[in-house]
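Visitor: Please take a close look at one part of this structure, and then work outward from there.

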Amino acid sequence: MATEILMPALSPTMEEGTLAKWLVKEGDTVSSGDILAEIETDKATMEFEAVDEGTIGKILVEEGTEGVKVNQPIAVLLEEGEDASAADDVSSGAAEPAAAPEGDTDTREAKAPAAAAQPADPPKADASPDYPEGTETKTMTVREALNSAIAEEMERDENVFIMGEEVAEYQGAYKITQGLLDRFGDKRVIDTPITEHGFAGIGVGAAFGGLRPIVEFMTFNFAMQAMDQIINSAAKTLYMSGGQMGCPMVFRGPNGAAARVGAQHSQDYAAWYASVPGLKVVMPYSAADYKGLFKSAVRDPNPVIFLENEILYGRSFEVPVLDDFTIPFGKAKIARSGSDVTIVSWGIGMSYALEAAEKLAGEGVEAEVIDLRTLRPLDYATVIESVKKTNRCVTVEEGWPVASLSNHLSAYIMENAFDWLDAPVLNCTGKDVPMPYAANLERHALITTDEVVEAVKKVTYR
Amino acid sequence: MATKKAGAKPNVSAEELLHYYREMLLIRRFEEKAGQLYGMGLIGGFCHLYIGQEAVVVGLEAAADEGDKRVTSYRDHGHMLACGMDPKGVMAELTGREGGYSKGKGGSMHMFSKEKHFYGGHGIVAAQVPIGAGLALADKYLGNDRVTFTYFGDGAANQGQVYETYNMAQLWDLPVVFVIENNQYAMGTSVKRSTKSPSLWERGAAYGIKGEEVDGMDVLAVKAAGEKAVEHCRAGDGPYILEVKTYRYRGHSMSDPAKYRTREEVQKMRDERDPIESVRTMLLDGKHASEDDLKSIDKEVKDQVNEAAEFSKESPEPAMEELWTDIYAKEIPQGEAV
């Protein structure tokens, strides 16, 4: 049967093109792969090849014709034994060109899950304690809490292993992995060469292959070299595979400013990672949260970014003495109750938030301080409920101000609690500069407690 | 009919040759059909065809055992068909339909099959290379003797992460076969215009990795080299590099202006080195099959591809709800650990 040769789409954006030149004429025999014509697209002049074999029965569009629509018949191909009259039959009854159905003609509105956009009915805040009252606690540093969390998870599941620079024989550049090599051996505590892009990708492959890798970046500044593997390979695979395979693993390491290490070693990546669907992002403050959230991170079936802080490593907190203490993701903690203003923070920002709250209490302002703890999923409900109670909000974030999480929170609060606000939401963030080295400049580039106090006074009109 | 007949190369049965013929032809017809559907607007975006390179995956799959893994770049349709994935599911993914391997959410470059140990389909040049080594690390860790075939092109061979991976794969003796599919052009840049290295596989020597060059237009040569590489890996001797010299007849993707090489160069390859034609000649000359036998295989393959194309048109577009699914897993999506 004679078939029509249609004007092909030769690029993802092409809708029409110019039939620049025919390289065959009526009566020519063609086979698969032969060049039929040259077609000028929006991108380039391209050769158009035959797919089927046969004889060119009729040319329907003369060369030099501009604006030939994709899928318009341009010639008729005759099969073996057909004569030219068959070409007329086809071209007179030119069929409607096949077109891909358009997705956006669907009138059904795509429904976003509650946390992603604006929930009609926001979930209620979960204010339950992380562990029962009266549980015995022990004073531990963040470093000790993290070390014990890693060890407990490696003990629990033999497919959990840790890899990174200096995690084994050196005992960890920041001593987070101290003692793990002796305890678990070099099969499970793996020193890598200095090669972030490569070992992040190997970690992703190991997760695809059934293991539960913990990949340590000596600091998250170096993870920029591995960003492609984290975002494109780890975060997106579950979606791209239609749910068939995902990437259960943890990327962890210190994030944000340390002290006096200059611009390339002092950046907070919270907002970067928190913007990526497919990642879970955790940024704890207290030792108990480090422990409980890290154990949850290892067990989570998704890629988790666990953002630590070098300055916090040595700080001590009370940690519950429990056999298996975990904290679920997406549950903020009210670190201090108050009724005059809500201060929202996470990670090291909590130091400034809590210090400011203490100072403000001395001046008769009772601040409610919320520690988000996980940035994706984010506990919007706890924030909104608090703002509806206090009617004012200040955010505290170490990272840069532009496109920050603070910006996102402000927008979210405005959209969901506008009528409850008595003042604009103010963002206290790091300054919009690369981190300077000089001690006085560095101090000023970071957030200060006084700035938080000042912001609270502004929103409480004092 | 595993009997050897005179005329075939040593140790190749008629059955085996017919298998290669059918597998390579399936890829070619599938890709031709994909090109056609693209032209009709049924396939969108990027679509990278494998026509001309069929002997590479078919030869290497013949060297693989059950449970061995494979991972590749975005020119991935051939790899999926060769490892036994269903042409219907692959084609329906190309058309972005519910019946596709990724429910229409991945597209040409992003498909996976846990069942067939196919780990993608990766759209970022060379990103699959450390992933392949990671899959091999998992196998070594789990103590099975599986091997991972990690495919990448001559273009990817200039990416830094390839060499980061070589270093660690050799350091840790990972059972991974690095397959450089050297089709001589990275998009439109020929190998000669991108490196002064006389060969790509020899770069492995800097890390202590053995390898060799293979004629990628000869399926039997590819299979033999693949067997050697697999044996090396399974023996615990670490990675192995195969630089398979091949040729892509079509453009890099569908929107390729074809200005970087001559039509004569392409035609010469098709006429003189076509991998399917040479197996066909072997079959006929060796009297393993008659013209009619081959014609009936051609018809079966054509029917199979047409069936896939029909399925890919009839399968509905994914439901709108799918926009919001598979972003996070609720439980471990990997059943692979043994």
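Guide: A:D83 counts as exposed because it has 10 C-beta neighbours inside 10 Å. The rule is that a residue is buried if 20 or more other C-beta atoms lie within 10 Å of its own, exposed if 12 or fewer, and partly exposed in between, with C-beta atoms placed from the backbone. This is a predicted model, in which local features need pLDDT of at least 70 and side-chain atom pairs count only at pLDDT 80 or more, while totals for chains, interfaces and linings use all residues. Residues are numbered from 1 along each chain as its sequence is written, and chains are lettered from A and ligands numbered from 1 in the order in which they are written.

A:D83 sits in the loop between β8 (73–78) and α1 (85–92) of chain A. Helices (H or I, at least four residues) and strands (E, at least two) are DSSP runs, numbered from the N terminus. From A:D83 to A:T55 is 9.2 Å, C-alpha to C-alpha, although 28 residues separate them in sequence.

On the other side of β8, A:N71 lies in the loop between β7 (65–69) and β8 of chain A. A:N71 is buried because it has 23 C-beta neighbours inside 10 Å. Its phi is positive, about 80 degrees, although A:N71 is not a glycine. Most residues other than glycine have a negative phi, and most peptide bonds are trans.

The unreviewed UniProt entry gives residues 2–78 of chain A the annotation "domain: Lipoyl-binding". UniProt positions are in the numbering used here, feature names are shortened, and annotations may be inferred rather than shown by experiment. Over residues 2–78 of chain A, strand makes up 53% and helix 0%, and the end C-alpha atoms are 5 Å apart.

By domain assignment, chain A is divided into domain 1 (3–91), domain 2 (137–320) and domain 3 (333–459). Such bounds come from an automatic or database domain assignment. Between the C-alpha centres of domain 1 and domain 2 of chain A there are 56 Å.

Next comes a helix of chain A. Helix α2 of chain A (residues 142–156) has 15 residues and spans 21 Å from its first C-alpha to its last, close to the 21 Å expected at 1.5 Å a residue. The expected span is 1.5 Å times one less than the number of residues. Among the buried residues of α2(A) are A:V142, A:L146, A:I150 and A:M154. An α-helix has 3.6 residues a turn, so residues three or four places apart point the same way. The buried residues of α2(A) pack against β9 (137–141), β10 (160–164), α3 (180–184), β12 (212–216), α8 (287–299) and β16 (316–320) of chain A.

A:S286 lies in the loop between β14 (280–282) and α8 of chain A. With 24 other C-beta atoms within 10 Å, A:S286 is buried. The C-alpha atoms of A:S286 and A:G347 are separated by 8.2 Å, with their positions 61 residues apart along the chain.

A:L360 belongs to helix α9 (residues 349–362) of chain A. It is buried, with 22 C-beta neighbours inside 10 Å. A:L360 touches A:V365, A:A367, A:V453 and A:V456, leaving out residues up to four places away in sequence. Two residues are in contact if their C-beta atoms, placed from the backbone, lie within 7 Å. The C-alpha atoms of A:L360 and A:I56 are separated by 86 Å.

A:P377 is in the loop between β20 (374–376) and α10 (380–390) of chain A. The peptide bond from A:R376 to A:P377 is cis, with omega near 0 degrees.

Of the 229 residues in the largest nonpolar core, those that touch the most other members are A:I343, A:V394, A:V452, A:V456 and B:V177. Within this core, α1(B) gives the most, with 12 residues. A nonpolar core is a set of buried Ala, Val, Leu, Ile, Met, Phe, Trp, Tyr and Cys residues joined through C-beta atoms within 7 Å. Residues that B:V177 touches include B:V147, B:F149, B:A229 and B:L242, not counting those up to four places away in sequence.

Last is the contact between the chains, which takes 63 residues from chain B and 64 residues from chain A. On the side of chain B that touches chain A, α5(B) supplies the largest share, 11 residues. The residues of that side divide into 31 nonpolar, 18 polar and 14 charged. Here Ala, Val, Leu, Ile, Met, Phe, Trp, Tyr, Cys and Pro count as nonpolar, Asp, Glu, Lys and Arg as charged, and the others, Gly among them, as polar.
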